[in-house]
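Got the viewer up and the selection box ready? Here's a tour, stop by stop, with something to click on at each one.

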Amino acid sequence: MYKITEKRPLTRNITLMRIEAPLVAKKAQPGQFVILRATKDGERIPLTISGTDTDRGTVCIIFQIVGATTRQLNTLEEGDCLADFAGPLGKPTELDGLKKVCVVGGGVGCAIAMPIAQKLHDMGCEVHSIVGFRNKDFLILEDEFKACSDKYIIMTDDGSYGEKGVVTAPLKALIESGERYDMVIAIGPLLMMKFVVETTRPFEIPTTVSMNPIMIDGTGMCGGCRLTVGGETKFACVDGPDFDGFKVDFDEAMKRTAMYRKFERHAYEAACNLLNKEVE
Amino acid sequence: MPNMSPKKTPMPSQDPKVRARNFLEVSQGYTAEMAREEASRCLNCKHRPCVSGCPVHIRIPDFIAQVAKGDFDAAYDIISDASNLPAVCGRVCPQESQCEKLCVRGIKGDPVGIGRLERFVADHHNAQPGKKLKKPVSNGRKVAVIGSGPSGLTCAGDLAKKGYEVTVFEALHLAGGVLVYGIPEFRLPKTIVQKEVDNLIALGVKIETNMVIGKVLSIDELMDEYGFEAVFIGSGAGLPRFMNIPGENLCGVYSANEFLTRTNLMKAYKHNALTPIMHAKKVVVVGGGNVAMDAARSALRIGAEKVYIMYRRSEEELPARREEVHHAKEEGVEFMMLTNPVEILGNEDDFVKAVRCEKMALGEPDAGGRRRPIEVPGSEFLLDADCVIMAIGTSPNPLIKSTTEGLETQKWGGIIVDENGRTTREGVFAGGDAVTGAATVILAMGEGKTAAKAIDEYIRNKAK
Ligand SMILES: Cc1cc2nc3c(=O)[nH]c(=O)nc-3n(C[C@H](O)[C@H](O)[C@H](O)COP(=O)(O)OP(=O)(O)OC[C@H]3O[C@@H](n4cnc5c(N)ncnc54)[C@H](O)[C@@H]3O)c2cc1C
Ligand SMILES: Cc1cc2nc3c(=O)[nH]c(=O)nc-3n(C[C@H](O)[C@H](O)[C@H](O)COP(=O)(O)OP(=O)(O)OC[C@H]3O[C@@H](n4cnc5c(N)ncnc54)[C@H](O)[C@@H]3O)c2cc1C
Ligand code: FES
């Protein structure tokens, strides 16, 4: 069950895996995610579906090693099996009728943004992609983005590759230069999405963001993933993960994401000691 | 000669001080001697009021007579005629408002401990090296069951015994529904639930976990592409309600479902668990049902110094089982009755620091006959807390309705069925909390049985 058919490091701390899960592969659409457990007794974590191969019945996930569970997942190898893999969860990203879109990805968020850019491209939509990374070592999916983007801009914090700076700089420049987007889709760290929204708001360009709060069940049963959107409480796992960026309370979301930080650091250190395998 | 003691034979339990810090089962059950002693309190009344109090009409005086005689296997067979989950129901049924409420012995003194006896009989049976269950001869007809709570497990079991090829689809990674993710280990050990699931597997039932129906497969696909001739929906009422008061999204505010899922399903209380839970010091649980009691008592066991149950009516109206209230009090949970939270206050990092509350008084009875709580003006006060758990109810998840055309529900989400569990879609049946809203294990089980019967008839008639 849920066999890993391929495992490939994309960078030092980002890994791609293909998992055998034919039913999920058949149904998945861009923007949807899975909840998995690497091992029995493991934690349930959400990861976005980065692609599917319906012939082989596999689902592609791309994850950054940030804590105990992603680290544990990264110790599994081709041929090993995941304990659990449930999906596709959440609503697909709404792309109907779009003609020109700017996709903005930050870090591992690019793994989530890429299938959306691909689908838009396949629909015949004009796609401009702006991606941001800490530095050259963290760059992922360059070829994939190039293949489906009419414009592709890379930003790094230190200028070690592409342009130096943050993703909102070229976004603003493009909009100001007269590019008329039907929509901007931003996926990445909360802070990045917050600034993208602040960039597009004055221009009133509809902006979709993909929220990634802490989840457990992913089916609407616990409410742990709740966010405030337009003054209402929403459950990201069933009402999202995509939301109208202008309405999301990012500050609240950032604080909620940090709720278990102390515990996570502890669990991560424990996992590091246990596995004794350097990652970062 | 009946035992005329006015008191129930006491059931041994862990010392409150000790158990308030561990997750081991609180009540330890009768020994054979205690069970026979308690059974002999039954007067075997002709008009059998207890039976009419039981939602599935277990022949209570008959099984108790067998216990009194010491023939525990015969007692088990009698219970099994009507109930699939006696070890569970003996532990979690609200007996005081069902069978025991109508017991004649209860007029002067304690009623007969029917729940305790049911539990004893089931545990006695389960402790014996089981006769291997055999997979019945298949009739080759496929039925799908959605959800593995008590309603789904019961429906699956009854159909499997009749030879149907049953597959249970469960969204979570573990089967059992609320019995595994909601009700804590100290009240219902998970080995008991697992045993029920194992029995189903022995009967040939397939259990497919990680299958969120409505997402990975729809009911239409199950019927049209996978050859299931009928579907039973036992998806429960898992959607938590919040109060919509300011501060409800602060860090440290949980739905009871989240708090209990982290604790029970993900075992966050264990030292080496990967799933985190907040180790709060002062916990306010809002609500007065079984769910609230479970959350409060779990919080204590995780290490809270103070745990309050905050309920807007008075103690008399608490909907929880009496035994749970009693146990919670013994363990040191404080009951703050006629009180309601109006706002949750946070510190600079948005973690809970206090709850603003107001006092309530009971006014005129409402439509349901319960006295309506009304605010007492000027009674607001602040209560220090670092964690708030909302246990104010749940409703059915809309996922299945929204992905199944022609499946009608009530406005609040409950699936509409007739007295046989038939929904508005042909071949689709439903039962349990998905139909009634949050109710009880025994009712869910009863509806699973009713639907199994109706599904059998439906498929046999179709075959003609
Ligand atoms: C819908 C959704 C899609 C996601 N897609 C991807 C993806 O494609 N690739 C990827 O690398 N990451 C993705 N994430 C984030 C990923 O789930 C977390 O990085 C992962 O859970 C971290 O677990 P950990 O134990 O390794 O780290 P931890 O040390 O536990 O946590 C590190 C950080 O991850 C977040 N996190 C922790 N536990 C959870 C949880 N149960 N649910 C959600 N977030 C959590 C917290 O913000 C925390 O600060 C997604 C999250 C969501 C909600
Ligand atoms: C904390 C708590 C304490 C309780 N204490 C008591 C008690 O002491 N006594 C008592 O009698 N009752 C008690 N109850 C109530 C009782 O547990 C429920 O009434 C009963 O479990 C309902 O059974 P069910 O089969 O309808 O659904 P559930 O037990 O809710 O099971 C439904 C199952 O369906 C699954 N599911 C949902 N949607 C899907 C989908 N789309 N696809 C696949 N699977 C799906 C869920 O994951 C779940 O496993 C308690 C409830 C809670 C939450
Ligand atoms: S993850 Fe539990 S409700 Fe969304």
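## Stop 1: where the chains meet

Start by showing both chains together: between chain B and chain A the count is three salt bridges. Keep in mind as you click around that this is a predicted model. To see one of those bridges, select K255(A) and D350(B), where the closest N and O atoms are 3.8 Å apart.

Now widen the view to the whole contact, which takes 43 residues from chain A and 43 residues from chain B. About 3,400 Å² is buried between the two chains, with carbon and sulfur atoms giving 57% of that area. Which three residues of chain B should you highlight for the area buried against chain A? Pick K215(B), N249(B) and L274(B): together they supply 23% of what chain B buries there, more than any other three residues.

Switch on polar contacts next, and 19 residue pairs across the interface satisfy the rule, both partners being at pLDDT 80 or more. On the chain B side, the elements giving two or more residues are β5 (239-240), β6 (253-255) and α12 (256-265). Of these, α12(B) gives the most, with four residues. Colour that side of chain B by residue type and you get 22 nonpolar, twelve polar and nine charged residues.

## Stop 2: the sheet in chain B

Stay with chain B and show its open five-stranded sheet, in the order β6-β14-β7-β8-β9 with parallel pairing. The edge strands are β6(B) and β9(B), residues 334-336 in the latter case, and each pairs on one side only. Look along the sheet: neighbouring strands are turned by 20° against each other on average, direction ignored.

Zoom in on β8(B), residues 306-310, which pairs with β9(B) in the parallel sense over three bridges. Click Y308(B) there, and its bridge partner in β9(B) is E334(B). Then bring in the helices. α13(B), residues 290-302, packs on the sheet and touches β7, β8, β9 and β14 of chain B, its direction making about 170° with that of β8(B). Our interface helix α12(B) lies across β6(B) and β14(B), running at about 85° to β6(B).

## Stop 3: the sheet in chain A

Hop over to chain A for an open sheet of seven strands, ordered β11-β10-β9-β8-β12-β13-β16, with mixed pairing. Select 163-164 (β11) and 242-244 (β16) of chain A: each stands at an edge with a single partner strand, so one side of each is left without a neighbour in the sheet.

Further in, β8(A) (100-106) and β12(A) (183-187) pair in the parallel sense over five bridges, and V104(A) stands opposite A186(A). Add helix α5(A), residues 168-176, which packs on this sheet against β8, β9, β10 and β12 of chain A, with its direction at about 145° to that of β10(A).

## Stop 4: backbone oddities

Most peptide bonds are trans, and most residues other than glycine have a negative phi. With that in mind, select G87(A) and P88(A), whose peptide bond is cis with omega near -5°; P88(A) lies in strand β7(A), residues 84-89. Another cis bond runs from G240(A) to P241(A), with omega near 10°, and P241(A) is in the loop between α7(A) and β16(A).

Last click: R48(B), a residue other than glycine with a positive phi near 45°. You'll find R48(B) in the loop between α2(B) and α3(B).

Technical notes. Residues are numbered from 1 along each chain as its sequence is written. Chains are lettered from A and ligands numbered from 1 in the order in which they are written. This is a predicted model: local features need pLDDT of at least 70, side-chain atom pairs count only at pLDDT 80 or more; totals for chains, interfaces and linings use all residues. Side-chain values use heavy atoms; hydrogens and water are left out. Contact means heavy atoms within 4.5 Å. Buried area is the accessible area (1.4 Å probe) that two parts lose on being put together, summed over both. A salt bridge is a side-chain nitrogen of Lys or Arg within 4 Å of a carboxyl oxygen of Asp or Glu. A polar contact is a pair of N or O atoms within 3.5 Å; within protein, one must be able to donate a hydrogen and the other to accept it, and residues adjacent in sequence count only if both atoms are side-chain atoms. Ala, Val, Leu, Ile, Met, Phe, Trp, Tyr, Cys and Pro count as nonpolar, Asp, Glu, Lys and Arg as charged, and the others, Gly among them, as polar. Two strands pair if DSSP finds at least two bridges between them. Axes are lines fitted to C-alpha atoms, for helices over the stretch in contact, and angles run from 0 to 180 degrees between N-to-C directions.
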